[in-house]
Structure formats: C-alpha cells, structure tokens
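User: I am new to this structure and would like to know how its labels are earned. Please set each value against its definition.

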Amino acid sequence: MMNDTNTNLSELKECVRALCLRKGWGVDGVQNPQHVAMAMTVEMSELLEHFQWLNPEDVDRLMRGDDPERCAQIGEEFADVMMYGLQLARTLHIDITEQILRKIDIVDHRPPKACDSKR
C-alpha cells in the first residue's frame with residue numbers, strides 16, 4: 001500500500017496523470033494549467049471551510065486527533081488541493097523538492113518581521 005513513507009512525488013504525479021487519463025480529463029492526461037490553478041483555489045476554499053468559526057479548543061481537538069471525522073474530511077479536501085498541485089507541477093515541469101528547498105532558503109535569509117515573534 002502506498003503511503004508517505006514509501007511513495008515519492010514522481011509516483012504521485014503519475015497516479016494523478018493516470019486518473020486524468022482514465023477520466024478523459026485534458027489531452028493525454030494534461031489539463032490546462034490555468035484551469036488547474038483556478039480549481040486549486042476552489043478546493044482550498046473547501047478546505048478552509050472546515051476551519052471556519054472553530055474556536056481554539058476545537059483546533060486543539062484536531063491537533064490531538066480527537067476529531068477523526070473532521071480530520072478525514074480535511075484530509076479529503078487537502079488531497080484535492082495536492083492533486084491539482086501535483087498536476088500543475090507535472091504539466092509545468094516544476095521540481096517540487098527543488099522549489100521547496102529553494103523557498104526554505106529564501107525564507108531562512110529574510111530579515112525577521114515584528115510579527116514573527118508572535119507565531
């Protein structure tokens with residue numbers, strides 16, 4: 001069974017492409033990246049709905065794993081966002097690992113902001 005421990009990003013990109021091929025989405029499993037990026041925002045909004053109006057105690061419950069049903073719903077919406085992201089990365093030839101490590105380096109070298117100490 002595939003999981004985070006034994007699956008790499010290239011495999012996930014191919015799984016998403018295979019889904020697109022099976023469903024007849026796009027040309028050769030490649031959808032318009034503009035449409036994919038727009039769809040990501042819709043899915044991100046659906047993800048955010050699960051956090052709307054939560055009080056700090058509710059968030060603590062999520063973080064402790066005390067609300068598995070809501071966590072599963074969040075996981076499903078997160079998967080939608082990530083699938084579009086993987087599709088976008090594959091279509092535009094973005095090396096996700098390279099870009100994340102590059103971004104970490106950029107953030108590490110930014111001067112701290114006043115609000116950073118409150119996080």
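Analyst: Arg90 has a relative accessible area of 24%, and the label for that is partly exposed, the class between buried (under 20%) and exposed (over 50%), with a 1.4 Å probe and protein chains only. Two notes on the source: this is a predicted model, where local features need pLDDT of at least 70, side-chain atom pairs count only at pLDDT 80 or more, and totals for chains, interfaces and linings use all residues. Residues are numbered from 1 along each chain as its sequence is written, and side-chain values use heavy atoms, with hydrogens and water left out.

User: What makes the contact of Arg90 with Glu14 a salt bridge?

Analyst: A salt bridge needs a side-chain nitrogen of Lys or Arg within 4 Å of a carboxyl oxygen of Asp or Glu. The closest N and O atoms of Arg90 and Glu14 are 3.1 Å apart, so the pair qualifies. Arg90 is in helix H4 and Glu14 in helix H1, 76 residues apart; a helix here is a DSSP run of H or I with at least four residues, numbered from the N terminus. Glu14, at 39%, is partly exposed as well.

User: Why is Asp67 called buried or exposed, whichever it is?

Analyst: Asp67 has a relative accessible area of 17%, so it is called buried. Its salt-bridge partner Arg70, with closest N and O atoms 3.5 Å apart, is partly exposed at 26%. Arg61 joins Asp67 and Arg70 in a network of salt bridges.

User: What label does Arg64 get, and what is its salt-bridge partner?

Analyst: Arg64 is exposed, because its relative accessible area is 54%. Its partner is Asp66, with the closest N and O atoms 2.8 Å apart. Asp66 is partly exposed at 39%.

User: How many salt bridges does the whole structure have?

Analyst: A search of the whole structure finds 4.

User: How do you know that Glu43 has no salt bridge?

Analyst: Lys and Arg count as positive and Asp and Glu as negative, while His and the chain ends are not counted. The nearest side chain of opposite charge to Glu43 is Lys23, 14 Å away, so the salt-bridge condition is not met. Glu43 is buried and lies in helix H2, residues 33–49. Leaving aside residues up to four places away in sequence, Glu43 touches Glu77, Asp80, Val81 and Tyr84, where contact means heavy atoms within 4.5 Å.

Key
Helices (H or I, at least four residues) and strands (E, at least two) are DSSP runs, numbered from the N terminus.
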